[in-house]
Amino acid sequence: MLIHNFFGHLGTVMRHRHMVMIHCFKAGIIKRGLLHDLSKFSPTEFLSGVKYYQGMRSPNEREREVSGYSKAWLHHKGRNRHHFEYWTDYSVKTGKMMPVRMPDEYIYEMFCDRVAASKIYKKEAYNDRCPLEYFLQGHGTRFIESYTAGRLEFLLRLLAEKGEKAAFGYIRRQNKKRTSKR
């Protein structure tokens, strides 16, 4: 069981990283693809992933069911800027924790990550609407800044309606504009 979980989890992480890299390369955000999810190989995340591996969903979900929270997820979201959960801070106006706007390069990586995760977990049942449908299921329950949510939803709708070529092409063009302004 432990050997099965070890190789199963390692395979899932490697397939996911590889797919995100391909998507990031297509989107023209090569650095984000190369750096994507390296923390998954840290002991905190990897050992939890092996322990709670099931193959058809994130081990973090199972860890939450067992422990009431996921130590691996808390570690992961605190180190990976492509997760909107990373982007929270105390507001000087309200004194409360608030979501803050993500820089576009991380929104683009988040898009690539979500598409890859849908492909990995949905397998043959995947289609270009799956990432949007998953995103819409969580509507109203996320603690996400409005520009960030709108930008991600726009990209997911573009994917669902016009396909990968259009979505990655759009990101590539936007990224070129962003980097040429520097």
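## Ground rules

A residue is called buried when its relative accessible area is under 20%, exposed when it is over 50%, and partly exposed in between. Keep in mind that what you have here is a predicted model.

## Salt bridges

Let's begin with Glu 65. At 48% relative accessibility, this residue falls between the two cut-offs, so it counts as partly exposed. Its salt-bridge partner is Arg 57, and the closest N and O atoms of the pair are 2.9 Å apart. Arg 57 has a relative accessible area of 26%, so it is partly exposed too.

Helix H4 holds another pair: Glu 61 and Arg 64 form a salt bridge at 3.1 Å, N to O. They sit 3 residues apart in that helix, which means about one helical turn separates them. Glu 61 is partly exposed at 33%, and Arg 64 is partly exposed at 29%.

Over in helix H8, Arg 157 pairs with Glu 153, with 2.9 Å from N to O. The spacing here is 4 residues, again about one helical turn. Arg 157 comes out as partly exposed, with 32% relative accessibility. Elsewhere, Lys 26, Lys 119 and Glu 164 are linked into one network by salt bridges that share partners. The count for the model comes to 10 salt bridges.

## How H8 meets H9

Helix H8 (residues 146-162) packs with helix H9 (residues 164-180) at an angle of about 140 degrees, and their axes are 6 Å apart. Roughly antiparallel would need an angle over 145 degrees, so this pair is classed as oblique.

As for who touches whom, the H8 side of the contact includes Phe 154, Leu 155, Leu 158 and Leu 159, along with Arg 151 and Lys 162. Facing them from H9 are Glu 164, Ala 166, Ala 167, Tyr 170, Ile 171 and Gln 174.

## A nonpolar patch on the surface

Met 14, Phe 25, Ile 30, Leu 34, Leu 35, Leu 38 and Phe 41 make up a nonpolar surface patch, with about 620 Å² of accessible area together. Helices H1 (2-27) and H2 (30-35) are the elements that each give two or more residues to the patch, and H2 has the largest share, with 3 residues.

Phe 25 is one of the patch members and lies in H1. Its relative accessibility is 37%, so it counts as partly exposed.

## What H3 tucks away

Helix H3 (residues 43-51) has a mixed set of buried residues: Glu 45, Phe 46, Ser 48, Gly 49 and Val 50. Their cover includes H1, helix H4 (59-67) and helix H5 (71-77).

Terms used
Residues are numbered from 1 along each chain as its sequence is written. This is a predicted model: local features need pLDDT of at least 70, side-chain atom pairs count only at pLDDT 80 or more; totals for chains, interfaces and linings use all residues. Side-chain values use heavy atoms; hydrogens and water are left out. Patches are made of residues with over 30% relative accessible area and no salt bridge: like charges are joined within 9 Å, nonpolar side chains (Val, Leu, Ile, Met, Phe, Trp, Tyr) within 5 Å. Accessible areas come from the Shrake-Rupley method with a 1.4 Å probe; for residues, only the protein chains shown count as cover. A salt bridge is a side-chain nitrogen of Lys or Arg within 4 Å of a carboxyl oxygen of Asp or Glu. Buried means under 20% relative accessible area, exposed over 50%, partly exposed in between (1.4 Å probe, protein chains only). Contact means heavy atoms within 4.5 Å. Axes are lines fitted to C-alpha atoms, for helices over the stretch in contact, and angles run from 0 to 180 degrees between N-to-C directions. Angles under 35 degrees count as roughly parallel, over 145 as roughly antiparallel, 65 to 115 as roughly perpendicular and the rest as oblique.
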